[in-house]
Amino acid sequence: MAVGVFDLFSIGIGPSSSHTVGPMRAAAVFAEELKSLGKLADAASLRVDLYGSLAATGHGHGTMTAILLGLEGFHPELILPEEVEERLAAIADTGMLQLAGAVPLPYGVKDMVLCPLTILPRHTNGMTFTVSDADGDALHSATFFSVGGGFIVRDGEEDAAQRELEESKKELPLPFRTAAELLEHCRKTSLSISEVMRINEEDSRSEEEIREGLLQIYSVMEGCVQVSLKREGLLPGGLKVRRRAPDWHERLLKEDKDRDPKYWQEWVNLIALAVNEENASGGRVVTAPTNGAAGIIPAVLYYALHFAPGMENATQEDRDDVVVKFLLTAAAIGVLYKEQASISGAEVGCQGEVGSASSMAAAGLAEVMGGTPAQVENAAEIAMEHNLGLTCDPIGGLVQIPCIERNAIAAAKAINAAKMALWGDGSHRVSLDEVIVTMRETGKDMSSKYKETAMGGLAVNVVEC
Ligand code: SF4
């Protein structure tokens, strides 16, 4: 399947799409295979090997516990936060895992084999699952890679997956992999970027289903903020990072009773912080396009709905239109990053996560504020150009510092990028494609210390306690 809007925006749990959502999904796929192969009843022992970045920062990212839940058959888009707590407590208390929800096996986090210095050829986020029978003979084994944004690829099937992707793209009414191709469709058809994306999405679902699905995605983003604003105290993980969003919300409610536009920045900061604090505590978030960068799109969308000119008297239908248009445009830009570079911090650093999200959000805002396709492309380009080189160096491997504040800063950059593009006529010197390729090459040259291994930058220069 070609990458679509519901691949780029999916519902999952925090704190990381590549280190929590992807590994849980891979473990769940493995457990289901074991069942469908009819080998579950003979399972007597389990081995999980984690490689590269998953092994180096897995504890801080909740990778190991996510894998336990996946092996029990839970999926990131369906599991409830209370189920997470309940099942993990049961596994810790009994020392037993319910493989595929059916076969009890003695297994826990401490049994996983960590190989942080072993990088498998396909990707740094590798994991191998092996289940054996009572004689120690392997019943089933599989290696997966978590390649960013919750996407997984099975070892040995990369070419087949790539071929399938190329085939499905050929069948789309308006296929594109570069910004130049996207803009050419807009020029030839006189459609906006969000309309091109919608027409491609209609290949797999009706216009109504797309609208309903995107409004549902937005309601999860809003729900995430509401839950976060009620949860005070310290974030988990030992860094003693205090949740700031509840206090900031209270202060804003007192200081900005009349919704004065001069407070737009404070509201945008609040939304970004609320989403990322919820993500850091393992709560329910929308991967947009990753969990570490999940606060940027909701924060900029909040700006579009509350502070963009013309929204003062908007009806509910107008507001829903803005949400749908914004998310479709942002997804079209996300496709370009998936196609030509990467949205994985472990592959290209934080420029691929926060940079891509900022670029997608800038495009979404420019489109709903009436930008032409060229202005929208310019907004996306400006936002990424000024995120180039951004490293991934989370302290303690936790998605907290610098990640939480970084989302607020990147949301502000996205808003500024959209405003700058809208004051131009769409013509500009550096194209979005050029900046995406630059991001990919910069990521390739970046030392692995700065690619989600917690072995460089802030992660080593800041004392943890
Ligand atoms: S530094 Fe950026 S890429 Fe790394 S975990 Fe944080 S948000 Fe993700």
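A residue counts as near a molecule if one of its heavy atoms lies within 4 Å of it. The model is predicted, with local features needing pLDDT of at least 70 and side-chain atom pairs pLDDT 80 or more, while totals for chains, interfaces and linings use all residues. Residues are numbered from 1 along each chain as its sequence is written, and side-chain values use heavy atoms, without hydrogens and water.

**Exercise 1.** Determine which residues surround the ligand and how they divide by character.

*Solution.* Step 1: the surrounding residues are Gly 292, Cys 350, Glu 353, Cys 392, Cys 403 and Arg 406. Step 2: helix 15 (350-368) and helix 17 (403-422) are the elements that give two or more residues to this shell; helices are DSSP runs of H or I with at least four residues, numbered from the N terminus. Step 3: the shell comprises three nonpolar residues, one polar and two charged, where Cys counts as nonpolar, Glu and Arg as charged, and Gly as polar.

**Exercise 2.** Classify the packing of helix 13 (residues 316-340) against helix 15.

*Solution.* Step 1: their axes, lines fitted to C-alpha atoms over the stretch in contact, come within 8 Å and cross at roughly 140 degrees, on a scale from 0 to 180 degrees between N-to-C directions. Step 2: helix 13 is therefore oblique to helix 15, since angles under 35 degrees count as roughly parallel, over 145 as roughly antiparallel, 65 to 115 as roughly perpendicular and the rest as oblique.

**Exercise 3.** Classify helix 7 (residues 179-189) against helix 16 (residues 373-385).

*Solution.* Step 1: the two axes come within 10 Å and cross at roughly 160 degrees. Step 2: helix 7 is therefore roughly antiparallel to helix 16.
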